[in-house]
Amino acid sequence: MTKVLIIDDEVNLRETIAEMLSYTGYHVCLAKDGIEGLTKVVEFQPDIIICDVMMPELDGYGFVEQHKSSQYADVPVVLLTAKVEQKDEEYGLSLGVKAYIRKPFTFKDLQEKINLFVKS
Amino acid sequence: MKQKNWYRLLADNTIDLVCLHNLDATFKYVSPSIQILLGYDPEEMIGKYPEEYVHPEDLEKFKIRIGSIIKDKERFSEQVRLKNNKGEYSWFETNASLVYENDIPVGFQSSTRDITQRKKAEQIIEDTLLQERQLNELRTNLVSTISHEFRTPMTTIRTSAELITMYLQNCQFNEAPQIEKRVKTITEEIDRIVELMDAVLTISKDDAGKTSFNPIVCNLNEICIEVIETSFNNQKDNRKVEVFFEVLNVAIFADSNLIKYTLFNVLSNAFKYSEGCGNVKLNLSIIDDFVQIDVIDNGIGIPKEDQSKLFNTFYRASNSNGIQGTGLGLYIIRMFTKKNSGRVYLESELGKGTKVTLRFPLYKN
């Protein structure tokens with residue numbers, strides 16, 4: 001079962017995404033910001049990380065930077081964000097994330113990205 | 001001698017300040033208007049340096065000007081603040097030129113006018129412009145913040161609606177189709193709000209001069225193909241874009257993102273307003289020094305009386321009822337086309353279809 005870590009400070013959104021992914025057969029773990037996210041990567045060892053950008057404490061960009069220099073750097077990250085401008089996407093991709101999904105997204109988009117980047 | 005008296009009469013009676021200076025700039029003659037303008041007695045100023053009356057912040061540029069008139073024999077016109085006999089400063093404009101006797105410079109003359117009112121008016125204009133800029137900035141930031149802040153709750157609602165649909169597909173109860181229909185409405189309306197938010201954000205960003213614009217030489221045929229393949233190859237009703245390129249590898253100097261956005265919107269309109277009326281055509285041709293893209297549909301068309309107003313914000317044709325739209329699409333299409341030195345034309349016949357033409361100058365090496 002594919003393990004997905006969802007990092008988002010909005011409780012309603014992260015729980016909805018989690019419910020959706022659980023319902024469609026993924027194993028899900030949640031974190032409320034980048035700092036908790038880094039801990040959960042170690043504990044949960046996900047196959048892919050879905051991460052928000054604008055969060056208190058450690059934001060998505062900060063999370064990606066630290067994640068990329070950790071021993072789990074191979075675990076792909078997809079940013080899921082309300083920052084919709086082209087330059088935000090370019091910055092995100094320059095940090096080495098696999099994809100940049102703008103909010104609001106469709107489940108199909110999300111699922112396609114997960115399946116594309118998780119090593120089968 | 002008589003002529004000299006006339007000049008003296010003029011100088012003594014003018015409301016501007018008229019002065020004669022020695023070559024070291026000291027006053028040789030000061031007209032009586034100095035009393036009204038600055039409150040000094042003309043006699044007390046003879047032999048003094050004009051610099052004594054100039055505001056410290058204007059002193060450097062004033063000295064440079066005085067130097068240049070003597071050294072380079074240049075006339076000058078300069079705005080400076082001068083001090084009155086109460087120590088208060090106000091704005092004046094001074095014009096000066098050399099005075100010659102037997103072709104030898106013996107000093108210079110200056111005429112100085114009170115420009116306080118003009119300066120006040122300039123300041124008001126400057127303040128108003130600054131205020132307008134700040135308001136524009138504020139509006140852009142506000143629109144941008146709203147767009148960010150609304151996006152996450154919109155996503156939660158949309159995702160929840162999708163989740164409900166998934167649950168419905170796996171359960172058996174009578175009202176499931178009705179619930180599914182309502183949930184679909186929720187999703188569609190969320191998409192509509194987001195589309196509107198995006199359009200308002202795009203316009204507001206452009207108003208504030210913040211649209212990212214990086215023109216490069218690009219291949220217009222390739223851009224057309226990319227837009228079609230990414231967004232119009234899997235239409236639900238299997239309709240297609242029929243492409244005809246009169247010429248291949250057409251180069252224009254433009255921002256490819258804005259061109260893609262424009263083409264996407266033109267094609268998306270064509271499909272939206274021609275449901276059940278066959279394929280959409282895209283023709284690319286060359287006319288003189290321009291490349292022209294015609295996007296043609298056989299849809300509902302636009303009433304004559306609406307056609308000229310369609311490029312206004314929030315204006316929608318009277319026959320567009322029941323077809324979702326923001327009323328901002330064509331406005332943005334024109335905005336981005338203009339930015340890329342292009343023009344948009346629209347031809348339409350009610351009930352027969354619409355042709356939107358984008359025309360850009362060809363790139364020449």
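Chain B of this predicted model contains 10 helices and 12 strands. Of its 365 residues, 23% count as buried. Among the contacts in chain B with a separation of 6 or more, 57% join residues 24 or more positions apart.

In chain A, helix H2, which spans residues 34-44, offers a view of how a helix is packed. The buried residues of H2(A) are Gly34(A), Gly37(A) and Val41(A). Viewed down the helix axis, these buried residues fall within an arc of 45 degrees, so they line one face of H2(A). The spacing follows a general rule: an α-helix has 3.6 residues a turn, so residues three or four places apart point the same way. The cover over the buried residues of H2(A) includes strands E1 (3-7), E2 (27-31) and E3 (48-51) of chain A, together with helix H3 (60-68) of that chain. On the other side of H2(A), Thr39(A), Val42(A) and Glu43(A) are exposed. Just after the helix, Gln45(A) adopts a positive phi of about 50 degrees.

The two chains also meet each other: 15 residues of chain A are in contact with 16 residues of chain B. On the side of chain A that touches chain B, helix H1 (11-23) and helix H4 (86-94) each supply at least two residues. H1(A) gives the most to this side, with 7 residues. By character, the residues of chain A that touch chain B divide into 8 nonpolar, 3 polar and 4 charged.

Methods:
Residues numbered from 1 in each chain as written. Chains lettered and ligands numbered in written order. Predicted model: local features only at pLDDT ≥ 70, side-chain atom pairs only at ≥ 80, totals over all residues. Helix = DSSP H or I, 4+ residues; strand = E, 2+ residues; numbered from the N terminus. Buried ≥ 20, exposed ≤ 12 C-beta atoms within 10 Å, placed from the backbone. Contact = placed C-beta atoms within 7 Å. Arc of directions from axis to C-beta. Nonpolar A, V, L, I, M, F, W, Y, C, P; charged D, E, K, R; others polar.
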